[in-house]
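Dear colleague,

I am handing over the structure we spoke about, and I would be glad if you could look through it before reading my notes. The notes come after it, in the order in which I would go through them.

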Amino acid sequence: MTLDTPPPDYTPATGAFAETLRGLLPEAAFRDLDARYLEESRGRWAGQGGLLLAPGATEEVATIVRHAAEHRVAVVPYGGGTGLVGGQVSADLPVPVILSLERMTRVRRVDPVENALTVEAGVILQQVQEVAAEADRLFPLTIAAQGSARIGGILSTNAGGVNVLRYGNARDLCLGLEAVLPDGSVLHGLSPLRKNNTGYDLRHLLIGAEGTLGIITAATLKLWPRPARMGAAMMTVRDPQAALDLLNLARDRIGEGVSAFELIGRTGLAFLAETMPDVRLPLGQPEWSVLIDLGLGGAGEPTAALEDLFVAAEAAGLVSDGVIAQSEAQRQDFWHLRESIPEGNRRIGAVSSHDISVPTAAIPEFIRAGTGVIAGLGDFRINCFGHVGDGNLHYNVFPAPGQDRADHVDERDAIKSAVHDLVHRHGGSVSAEHGVGRLKVGDLERYVDPTKLAAMRVIKSALDPAGIMNPGAVLRR
Ligand SMILES: Cc1cc2nc3c(=O)[nH]c(=O)nc-3n(C[C@H](O)[C@H](O)[C@H](O)COP(=O)(O)OP(=O)(O)OC[C@H]3O[C@@H](n4cnc5c(N)ncnc54)[C@H](O)[C@@H]3O)c2cc1C
């Protein structure tokens, strides 16, 4: 395989380029660029400018991309701007097109019989959930940013969230895609088919490509039956191994009804008590606890199932305390606690945050070894929490009480490398659900299989020979 990297000589999207587009697109596609398109939530990248375009239809996207390819203008796709790895913001391109999907918000087809829903890429995740619910169906992908993240961004980052355990990630929930490829041609792949073995599945190249192989303009999504009854419990577990044993016990007894299973460490609860005292902590601040969410159909009764589970788990020495939600409001309280942990982290200020995954069986040993590795680097606090049911941990390192993250800037790289080396040794991934973006380009080069990386570069240069699609994201430019 050969690497054919184009030289970095992008044309700025100014002057004649912008003028020609004015003749080809409706006025509504031209937007004033405001600061939010140049920022990202962690403040690591700041865009220097751009031509903000918000096309209203797939053909308009195709016109922009075709024109950009002809003139070698860089295109940075923009969804809800909630990405956490800098994929949606470029700091060093000479005036790129920032292509926002915010005007492509049509629901094209709701099909409860096929259990499928076709929406344009700019539809916000929460609206997808609402449209599905109106059709008495469930779109299960759930993340804290669902009020802003758009379906094109969700698919482009292959987002995960709390229900991956039961329903899979964005990739598993996508049946078909429409996309504009880097030469401006339109890929017509919207389909509710579950079986379609007609050669390479380009859908799976575009999902998780973070805008480097084209622009997703619409998607057919997979819907599920809505569970008749939901329930939740929080339980204090002996240690991370007991959490995994409890997960297996829950799946043995309740089967597919286990929708989410979240591990919560004491540090996260202590941060909530300190920074968000309104958040109720029903179990106090145990060293380790879990939040279990159930969705049952038929005659299944979540409260009874959770009581049975607690009794069996207590007898097995896995849990020592627990509380079962007695109402939907209480269930929402438990989730509010869990969803507030990232905000608590933000208020304390992490030195280094890691979105990682390891095989579930390796989680206890990874956590044990991680404590030793971080202790060897200095006096830090670890907040380890996350979607333990699918091996995805958010492993964040904070300064000791009374210190500030700014005191440890010089140590950030060493901490990050130590954590990622440990993940690699445990057979894990240094990007579980947030993607690579611009943040983890070096990690990709360091940790992924060289054959995979070489194949990725060949695919990129074959589909995008001018290198216009989101240059510098995922692959170095
Ligand atoms: C509070 C909070 C909680 C979060 N929780 C989770 C979580 O639990 N799980 C999780 O996986 N992520 C989570 N995220 C990360 C983020 O929400 C997801 O990555 C989300 O999928 C990004 O969607 P977006 O529309 O905001 O995309 P953006 O941030 O706009 O873009 C993300 C990437 O996709 C590209 N892109 C956007 N739209 C398109 C398109 N139509 N075609 C091609 N490329 C495109 C961009 O160029 C960029 O590379 C969280 C973020 C926040 C702020």
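What follows is a short account of the ligand and its surroundings, and then of one pair of helices.

Please keep in mind that this is a predicted model. The ligand is surrounded by 33 residues, and the closest of these are Pro 77, Gly 79, Gly 80, Thr 82 and Gly 83. Two of those glycines approach the ligand through their backbones: a backbone N or O atom of Gly 79 lies 2.7 Å from an oxygen atom of the ligand, and for Gly 83 a backbone N or O atom is likewise placed 2.7 Å from a ligand oxygen atom. With Ser 156 it is the side chain that takes part, since one of its N or O atoms is 2.9 Å from a nitrogen atom of the ligand. Taken alone, the ligand would expose 980 Å², of which the protein buries 91%.

As to where the shell comes from, strand 2 (75-78), helix 4 (151-156) and strand 9 (215-222) are the elements that give two or more residues to it, and helix 4 provides the largest share, with four residues. Sorted by class, the shell around the ligand holds 13 nonpolar, 17 polar and three charged residues.

Turning to the helix pair, helix 7 (residues 240-254) packs with helix 11 (residues 363-375) at an angle of about 165°, their axes being 8 Å apart. Because angles over 145 degrees count as roughly antiparallel, helix 7 is described as roughly antiparallel to helix 11. The crossing of helix 7 and helix 11 is right-handed.

With best wishes

Technical notes. Residues numbered from 1 in each chain as written. Predicted model: local features only at pLDDT ≥ 70, side-chain atom pairs only at ≥ 80, totals over all residues. Heavy atoms only, no water. Near = heavy atom within 4 Å. Polar contact = N/O pair within 3.5 Å; in protein donor to acceptor, adjacent residues only side chain to side chain. Areas by Shrake-Rupley, 256 points an atom, 1.4 Å probe, with all protein chains shown as cover. Nonpolar A, V, L, I, M, F, W, Y, C, P; charged D, E, K, R; others polar. Axes fitted to C-alpha atoms, helices over the stretch in contact; angles between N-to-C directions. Parallel < 35°, antiparallel > 145°, perpendicular 65-115°, else oblique. Left-handed = near helix turned anticlockwise from the far one by under 90°.
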